[in-house]
Every structure is written in C-alpha cells, then in structure tokens.
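Biologist: Before I trust any labels here, I'd like to hear the reasoning behind them. Can we go through it together?

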Amino acid sequence: MESQEALSKLKQKLMRKAKNRGFNVTEEDISDEIDDAINFVNNRRDFTPTSDCLYEKKFESNIVNLALSAIAKYGAEGENSHSENGIGRSYENGGSYPDSLIMKIPPVVRTPNI
C-alpha cells in the first residue's frame, strides 16, 4: 500500500507542476508520463520493481521532472527545434527527455559473468 501512496503523491506533484505551467493535461496523461518516467529510471538503474517498492525513492524528483519535460514537449515529439508564427523553440534532443535530466540518473551496468 505504501508504494501506491508514493505513486499517488508523484502524480499529484506532477499534476500541480503541469497546471502551474499552463499545460492542459488529463489524469491519464499524468499516469502515462509517470509510468513511462519510472520505467525509464528503473531501466537505467537496472532496478526491478516490487509490490512494495516501484522505484528507488531517491529518484522521485527526477521521475517528476522527466515526466514534466515529456508533457512540455507534447506536439513536438521527435523534434530538435520548432518554429511557428515567428516563435522558435529548440530542444536538447529529439527524445522526450533532455540529456541534462538523463545525466542526473547514473546508470547501473552489470558486468557479465565470465
């Protein structure tokens, strides 16, 4: 139950940040982006979630920031830059998550058994 409460708090925090920035998102968007960000962090960290622990707690803020950056890029997925009506935007890369956020999550690399 504790992991579901933590997940709910992440979603509430993301919803609050998204609304404060003027993003029009649904609860489904929030759930999808949090799930994607958790999966990204878990894969990068080689972390296997359990029913008691869905992610490493120390990466909660990273998860929210990754999800928020993905929401901010809605409509510009896959683009490095975008210009419309005289307004130009540029992004660190074409993916949903900027390299500057990715680099804050140190990868865990397992050495193969020889």
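**What earns each label**

Modeller: Gladly, and keep in mind that this is a predicted model. Buried residues make up 32% of the 114 residues in the protein chain.

Biologist: How do you know what counts as a helix or a strand in the protein chain?

Modeller: Helices are DSSP runs of at least four residues and strands of at least two. On that basis the protein chain comes to four helices and two strands, and from the N terminus the order is α-α-α-β-β-α.

Biologist: How do you know that the span of H1 agrees with its number of residues?

Modeller: H1 covers residues 2-20, so at 1.5 Å a residue its 19 residues should span 27 Å, and the end C-alpha atoms are indeed 27 Å apart. H3 passes too: its 13 residues should span 18 Å, and its end C-alpha atoms are 18 Å apart.

Biologist: Which residues of H1 are called buried, and what makes them so?

Modeller: The cut-off is under 20% relative accessible area. In H1, the buried residues are Ser-3, Ala-6, Leu-7, Leu-10, Leu-14, Met-15 and Ala-18. An α-helix has 3.6 residues a turn, so residues three or four places apart point the same way.

Biologist: What do the buried residues of H1 pack against?

Modeller: Helix H2 (27-45) and helix H3 (60-72). The buried residues of H3, including Ile-63, Leu-66 and Ile-71, pack against H1, H2 and helix H4 (99-102).

Biologist: And what follows H1?

Modeller: Gly-22, with a positive phi near 85°.

Notes:
Residues numbered from 1 in each chain as written. Predicted model: local features only at pLDDT ≥ 70, side-chain atom pairs only at ≥ 80, totals over all residues. Heavy atoms only, no water. Expected span 1.5 Å × (residues − 1). Buried < 20%, exposed > 50% of the residue type's maximum accessible area, 1.4 Å probe, protein only. Contact = heavy atoms within 4.5 Å.
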